[in-house]
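Open the model in a viewer and keep the sequence panel visible. The stops below go by residue number, with what to select at each one.

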Amino acid sequence: MIIKNVQIYTENQTFMPGDIVIEGDRIKQIIPEAESASRQDGEMDDTIIDGHGAYAIPGLIDLHFHGCMGADVCDGTEEALQTIARYEASVGVTAIAPATMTLPVEKLEQILRNAAAYKRKQEVQKRQRVCVKTGENGEGVEVTETAEVTEAAEITEADLLGINMEGPFISPVKKGAQDEKNIIPCDVEIAKRFLTASEGLVKFIGIAPEESEQSEEFIEKMKDSVDISLAHTNADYDTAMAAFQAGANHAVHLYNAMPPFTHRAPGVMGAVADSKHVMVEIICDNVHIHPSVVRATFAMMGADRMILISDSMRATGMPDGTYTLGGLDVQVHGNHATLVDGGALAGSVTNLMDCMRTVVKVMGIPFETAVACATANPAKCLGVYDTYGSISEGKKADIVLLQENLDLSLVIKDGSVICK
């Protein structure tokens, strides 16, 4: 496949006119416009897509959201994950790391085992699709799953890259839409059970460091196995700084479910700003955070540390009504999702692609910067930037074409057109 006449988003966060050559599920070559003009169409004996000057950006990566289209990762079923993965791919989010809620430990283990099984099945399907596209003999494809693989061979979903554990090691003071009865102090042995159940799919475990005297010991023991984030925490500046100095390196949905940032009590926000190794999630649905604060945060943290997330819940893509999140009832009206009991914000109902558009159109963040914060930065956080997160030779052919107004034009997943 050759995608001609597009503005290609490059690794230096600029756009370059040219063509993209895809072979199998990988990007084979990036051809600048000047070189493309000298080639003859006869040299290109493959499917040719004319992008008509569209922006070509990498598929987006959402590393913190809960669900969509009536499904939630915590449903703990293959069907829920499939619904989520198909919807996300259809809107240009081609890789995902859904977030779990604060639930009983045994329930979380079941959810993680289900995710691991789904990940294994996705890998089998991907190998089978590559074999079909390249004409290889399919070595390595598990024959016991051939029937299922064949049926799903032409169905493309967002890749499940990880799980982001938002609970249960959080603070009841800042629980937000989490169920307080399931909150527990951070525990090394329980965390190891989570990693085992997920077969290594858990990439982040959130904690409220003020809730346990052993929090720094927990971080030191777990930081080499999983990224430790501060999540739903009421920690003051000194406590948060101690956690970051111990090895925590991630902040869950900045500003939300944490103390306010003030001039005498900077809290978690101030500690994040002073800890340059910490990556920052931020919800940009124009509900959770004021546009002025988003702009100020980009200026304070630097774009290289910012990760756009949606925090979307199961009502995303669905009509207004009553839904659930983590076992709690949520009322959805327009782009607001709030707990029926208490009225706290309960995630968002905006997918990541729409969040990125909002960042650019409403909040005034440059398009080139917003793309990096929804592609390269999350890929680096997940440890997959060698394969995902940019349009580069050898990387996955997960590409989204956007019109000048940022409307979706085309989604290419694993080198195949899946949505236009």
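In which loop does Tyr255 lie? Select Tyr255: the loop runs between strand 15 and helix 8. Helices (H or I, at least four residues) and strands (E, at least two) are DSSP runs, numbered from the N terminus.

Before going further, note that this is a predicted model, in which local features need pLDDT of at least 70 and side-chain atom pairs count only at pLDDT 80 or more, while totals for chains, interfaces and linings use all residues. Residues are numbered from 1 along each chain as its sequence is written, and side-chain values use heavy atoms, with hydrogens and water left out.

**Two residues with positive phi**

Stay on Tyr255. Its phi is positive, about 80°, although Tyr255 is not a glycine. Most residues other than glycine have a negative phi, and most peptide bonds are trans. Tyr255 has 25% relative accessibility and counts as partly exposed. Buried means under 20% relative accessible area, exposed means over 50%, and partly exposed is in between (1.4 Å probe, protein chains only).

Now select Met69, in the loop between strand 7 (67-68) and strand 8 (71-72). Met69 is not a glycine either, and has a positive phi of about 50°. With a relative accessibility of 34%, Met69 is partly exposed.

**His250 and its surroundings**

Go to strand 15 (residues 250-251), where His250 is placed. His250 is buried, at 1% relative accessible area. Show the side chain of Glu281 as well: a polar contact of 2.8 Å joins it to the side chain of His250. A polar contact is a pair of N or O atoms within 3.5 Å; within protein, one must be able to donate a hydrogen and the other to accept it, and residues adjacent in sequence count only if both atoms are side-chain atoms.

Next, display what His250 touches, where contact means heavy atoms within 4.5 Å. Not counting residues up to four places away in sequence, the list includes Leu63, Phe204, Phe244, Val278, Ile307 and Cys381. Ile228 is also one of the residues touched; the C-alpha atoms of His250 and Ile228 are 6.3 Å apart, with the two positions 22 residues apart along the chain.

**Helix 8 and helix 11**

Select residues 267-274, which form helix 8. Helix 8 is largely enclosed by the rest of the structure, because seven of its eight residues are buried. These are Gly267, Val268, Met269, Gly270, Ala271, Val272 and Ala273. Among the elements that cover them are strand 14 (227-230), helix 7, strand 15, strand 16 (279-283) and helix 9 (291-301).

Then select helix 11 (residues 367-374), mostly covered, with seven of eight residues buried. Colour the buried ones: Phe367, Thr369, Ala370, Val371, Ala372, Cys373 and Ala374.

**Helices 5, 6 and 7**

How do helix 6 and helix 7 run, roughly parallel or roughly antiparallel to each other? Select residues 215-222 for helix 6 and 237-246 for helix 7; their axes come within 9 Å and cross at roughly 20°. Axes are lines fitted to C-alpha atoms, for helices over the stretch in contact, and angles run from 0 to 180 degrees between N-to-C directions. The two helices are therefore roughly parallel, a label for angles under 35 degrees. On helix 6, Glu216, Ile219 and Glu220 make the contact, and on helix 7, Ala242, Ala243 and Ala246.

Add helix 5, whose axis comes within 10 Å of that of helix 6, at a crossing angle of roughly 35°. Val188, Ala191, Lys192 and Leu195 in helix 5 meet Phe218, Lys221 and Met222 in helix 6.

**Asn182 and the cis peptide**

Select Asn182, in the loop between strand 12 (163-169) and helix 5 (188-197). Asn182 is buried, at 12% relative accessible area. Its side chain reaches the backbone oxygen of Thr102 at 3.4 Å. Asn182 also touches Pro168, which lies in strand 12. Look at the bond before this proline: Gly167 and Pro168 are joined by a cis peptide bond, with omega about 15°.

**Asp159**

The last selection is Asp159, in strand 11 (residues 159-160). Asp159 is buried, with a relative accessible area of 2%. Its side chain makes a polar contact of 3.1 Å with the side chain of Lys413. Leaving aside neighbours within four places in sequence, the contacts of Asp159 include Thr94, Gln122, Lys126, Tyr388 and Asp414.

Note on methods: Angles under 35 degrees count as roughly parallel, over 145 as roughly antiparallel, 65 to 115 as roughly perpendicular and the rest as oblique.
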